[in-house]
Amino acid sequence: AMTDGEISALTERCMDACMGTYLPQGEAAASRERYLSARNRQEAAAVVMDVARELRLSQFAPAAEELRFAPGGPLPPIEYGQIDRVDIYEADGTRYFRIIDYKTGHKDFDYAELLYGKNLQMLLYLFALESYQKQTGQPMQPAGVLYVPGRCDMVKLKPGEDPAHADNERRKDLRRKGLVLNDEAVLHAME
């Protein structure tokens, strides 16, 4: 497993490459671009460290990323799209999976919308993957669907306010939202 320092260094190298490609360089780099670059670096570092923390604590392990539903793709086409990440956990001979969807905007999981047949994409993915796994002879139990924030907003502090307050607010903003299996052992495995 990578240390926090190694993760930070890797994030910095990736951000250097990204910024070198997408932002003006040298004299053309105005103060606004420098500000945006610094803010994007902070945001990326916060999100990457949050996901790293989640993966260290969770007993679920990533099994697939960008899993496509498409003709000729690994999953049959129920609609065109892709699952950002599928994590698997095994206990007592049962394999569980959860679907992770990264959102760069603000996305709440709204139960009322489900009742009205709206925003069903994540559940369609969940049921399609469950069905596909049964067909391949490798059944797995759905454990849940979670939206994971892919951004971390700036937190304003009042003069003299403890910076730890900003960290707590960022953690709240990075909280996962979704629907999970009502099983204490599986819930504990997700933490």
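Helices in this account are DSSP runs of H or I with at least four residues, strands are DSSP runs of E with at least two, and both are numbered from the N terminus. On that basis, Thr3 belongs to the segment before helix 1. The model under discussion is a predicted one.

The overall composition may be stated first. The protein contains six helices and five strands, and their succession along the sequence follows the pattern α-α-β-β-β-α-α-β-α-β-α. Taken along the principal axes, the C-alpha atoms fill a box of roughly 60 × 40 × 40 Å. Of the 191 residues, 33% are buried. When contacts between residues at least 6 apart in sequence are considered, 64% of them join residues at least 24 apart.

The N-terminal part begins with two helices. Helix 1 spans residues 4-22 and helix 2 spans residues 31-57; they pack with their axes 10 Å apart and at an angle of about 140 degrees. Helix 1 is therefore oblique to helix 2, because only angles over 145 degrees count as roughly antiparallel. The crossing of these two helices is right-handed. From helix 1, the residues that meet helix 2 are Asp4, Ile7, Ser8, Thr11, Glu12, Met15, Asp16 and Met19. Their counterparts in helix 2 are Ser37, Asn40, Arg41, Ala44, Ala45, Val48, Met49, Ala52 and Arg56. Ala52 also serves to place the segment that precedes helix 1: the C-alpha atoms of Thr3 and Ala52 are 9.5 Å apart in space, although the two residues are 49 residues apart in sequence. Thr3 counts as partly exposed because its relative accessibility is 43%.

Attention now turns to the sheet. Five strands form an open sheet with mixed pairing, in the order 1-2-3-4-5. Strand 1 and strand 5 (177-180) are the edge strands, each pairing on one side only. On average, and with direction ignored, neighbouring strands of the sheet are turned by 20 degrees against each other.

Within this sheet, strand 1 and strand 2 run antiparallel and are joined by seven bridges. Two positions illustrate the register: Arg68 has Gln82 in strand 2 as its bridge partner, and Phe69 stands opposite Gly81 in strand 2. Strand 2 is mostly covered, with eight of its 11 residues buried.

Strand 2 also pairs with strand 3, again in the antiparallel sense and over seven bridges. One of the paired positions joins Tyr89 to Tyr96 in strand 3. The two strands form a hairpin with two residues between them. Asp92 is located in the loop between strand 2 and strand 3. Most residues other than glycine have a negative phi. Asp92, by contrast, has a positive phi near 50 degrees. Asp92 counts as exposed because its relative accessibility is 82%.

What lies in the interior can be described through two nonpolar cores. The largest has 19 residues, of which Ile83, Val86, Phe97, Ile99, Leu129 and Val145 touch the most other members. At least two residues of this core come from each of strand 1 (61-69), strand 2 (81-91), strand 3 (94-103), helix 4 (121-135) and strand 4 (141-149). Helix 4 makes the largest contribution, with six residues. Apart from this core lies another, of 11 residues, whose members include Tyr89, Tyr96, Val186 and Ala189. Tyr89 and Tyr96 are thus members of this other core as well as bridge partners.

Two residues show the surroundings of the largest core at closer range. Leaving out residues up to four places away in sequence, Ile99 touches Ile83, Arg85, Met122, Tyr125, Leu126, Leu129, Gly144, Val145 and Leu146. Among these contacts, Ile83, Leu129 and Val145 are named with Ile99 as the core residues that touch the most other members.

The second residue, Glu130, lies in helix 4. Glu130 is buried because its relative accessible area is 18%, and the limit for that class is under 20%. With neighbours within four places in sequence set aside, Glu130 is in contact with Phe97, Met140 and Pro142. Phe97 is itself one of the residues that touch the most other members of the largest core.

Note on methods: Residues are numbered from 1 along each chain as its sequence is written. This is a predicted model: local features need pLDDT of at least 70, side-chain atom pairs count only at pLDDT 80 or more; totals for chains, interfaces and linings use all residues. Side-chain values use heavy atoms; hydrogens and water are left out. A nonpolar core is a set of buried Ala, Val, Leu, Ile, Met, Phe, Trp, Tyr and Cys residues joined through side-chain atoms within 4.5 Å. Buried means under 20% relative accessible area, exposed over 50%, partly exposed in between (1.4 Å probe, protein chains only). Contact means heavy atoms within 4.5 Å. Two strands pair if DSSP finds at least two bridges between them. Axes are lines fitted to C-alpha atoms, for helices over the stretch in contact, and angles run from 0 to 180 degrees between N-to-C directions. Angles under 35 degrees count as roughly parallel, over 145 as roughly antiparallel, 65 to 115 as roughly perpendicular and the rest as oblique. A crossing is left-handed if the near helix is turned anticlockwise from the far one by less than a right angle, and right-handed if clockwise.
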